Amino acid sequence: MWPVLLAYYAGVVAMAGVSLSRVGSDNYGSRKIIMFRKHRPLSSCHETVLKKGGRVVRELPLVHALAVRIPERGQSLEELGLHPDVLLIEDDFQVQTVALPAVRLRQREQTIPWGVECIGAPKAWQEAAGEKVKVAVLDTGIDASHPDLKVNIRGTKNIKFPGWEAGDGNGHGTHVAGIIAALNNNFGVVGVAPRAEIYAVKIFNRRGNGYISEIIAGLDWALQNKMQVVNMSFGTTRPSQALEEAIRRCVQAGMVLVAAAGNEGKENSVMYPARYPGVIAVSAIDRKNNLASFSSRGPEVTVAAPGVDILSTYPGGKYRAMSGTSMACPHVAGVAALVLSRDGHISGRQVVKTITSTATRLPGLTPEEQGSGLVNASFLAAGTRFEGEAREGPADLPLSVIPSTTN
């Protein structure tokens, strides 16, 4: 099993109703998220942190909080926990993307990846292809110059390294973007929603690591810039109250949030943020409609999607096959874009309901493994009536197999 978590709880001290944890330290002190009462402007909260010897890393207006560094020595953390304007103090820990290593491939003539074919996306394209739908990819950045993506990249934001381009030194974000919206042209691959508008929001470094505060900042940017769909192909087994609050506010605002269930490969192992209410949690299946061996499963799973040997774009104009719930997640984000491009007036909750009610139940999988079933875009095809309930699917759906090679 590949690791998807870098930090774990090492203990929690409860004081005055505020959670104080003691992990995540370095030479500059521990990274924490401090949530304040809303009556006090965040600008004035800086002084409170500075008086305790802390340093503000960034403001998090979405949850009315500051990401800070606090000295390990002394009573600074405990004293801040007793401050009447402080609601919560928690670790600003690291989260990681959830994909397995890429397999190198050479790709010339355009092919429809098996996952895109499996969920019936090509049948929907005459009716809807993601036009005018804004999709934020919170990830390692995107290679905006990739010939199979550049027309659809409409904006970038580098949260991780402000002031720099939101390029992709890892490959994960570019791969995810291609699954959602690689162009329908005469070369490479084609995505689920090949006309969707993609926005690269870089929250992870080239190792695929980022802090909870950076995820929250990315969600805030997405909300402020009116993103309709947010893809979150990352996860952690550790909860964050600040992240949960950010998720709640985005869902309440009508955004469609899609997240990878995780690669824990065992029961009751759906990761955060997929585990939070309102988020579409996506498990992974293979070409034979079996649950991927690495896929997390549990009652929080919303739908399943292809996540094994998924061919997509890669930095440098290249293509790679990758596996993980990180790859399953953007299939569903793409379907959400298709739904919204057909009817942009429906709410985020209606999009979620549509996706779950049109999913195809796979006979060999339990609800904990597939949720409502395999995500299905074919109902969008012209002339297809929306029945409002999930359909029973065959044991093996017709699949387009893409030959792969190893390194």
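Let's start with one pair of side chains: in this predicted model, the side chain of D139 makes a polar contact with the side chain of H172, at 2.6 Å. Keep those two residues in view, because they will take us through most of what I want to show; both count as buried, D139 with a relative accessible area of 0% and H172 at 2%.

Where do these names come from? The UniProt entry, which is unreviewed, lists D139, H172 and S326 for "active site". Along the sequence they are spread over 188 residues, yet they cluster in space, and the largest C-alpha distance is 10.2 Å.

Now, who sits around them? Leaving out residues up to four places away in sequence, H172 touches D139 and S326, and its other contacts include T97, V98, A99 and S233. On the same basis, D139 touches H172, and among its other contacts are T97, S233, K202, I203 and F204. You'll notice that T97 and S233 came up for H172 and again for D139.

Let's step back to the fold. D139 is in strand β9, residues 134–139, and H172 is in helix α5, residues 172–181. Strand β9 belongs to an open sheet of 7 strands with parallel pairing, in the order β10-β11-β9-β13-β15-β16-β17. Which strands stand at the edges? Those are β10 and β17, each with a single partner strand, so one side of each is left without a neighbour in the sheet. On average, neighbouring strands here are turned by 25° against each other, direction ignored.

Zooming back in, β9 pairs with β11, residues 197–202, in the parallel sense over 6 bridges. Within that pair, D139 stands opposite K202 in β11. And the helix? α5 packs on the sheet, touching β9, β11 and β13, and its direction makes about 155° with that of β9. So our opening contact joins a side chain from the strand to one from the helix, and that helix packs on the sheet.

One last residue, if you'll allow me: K160. You can find it in the loop between β10 and α5. Buried or exposed, what would you guess for this lysine, K160? At 13% relative accessibility, K160 counts as buried, because the cut-off for that is under 20%. Setting aside neighbours within four places in sequence, K160 is in contact with K202, I203 and F204, along with others including N205, Y211 and E214. K202, I203 and F204 are also on the contact list of D139, which is a nice place to stop.

Note on methods:
Residues numbered from 1 in each chain as written. Predicted model: local features only at pLDDT ≥ 70, side-chain atom pairs only at ≥ 80, totals over all residues. Heavy atoms only, no water. UniProt positions renumbered as here; feature names shortened; annotations may be inferred. Helix = DSSP H or I, 4+ residues; strand = E, 2+ residues; numbered from the N terminus. Buried < 20%, exposed > 50% of the residue type's maximum accessible area, 1.4 Å probe, protein only. Contact = heavy atoms within 4.5 Å. Polar contact = N/O pair within 3.5 Å; in protein donor to acceptor, adjacent residues only side chain to side chain. Pairing = 2+ DSSP bridges. Axes fitted to C-alpha atoms, helices over the stretch in contact; angles between N-to-C directions.
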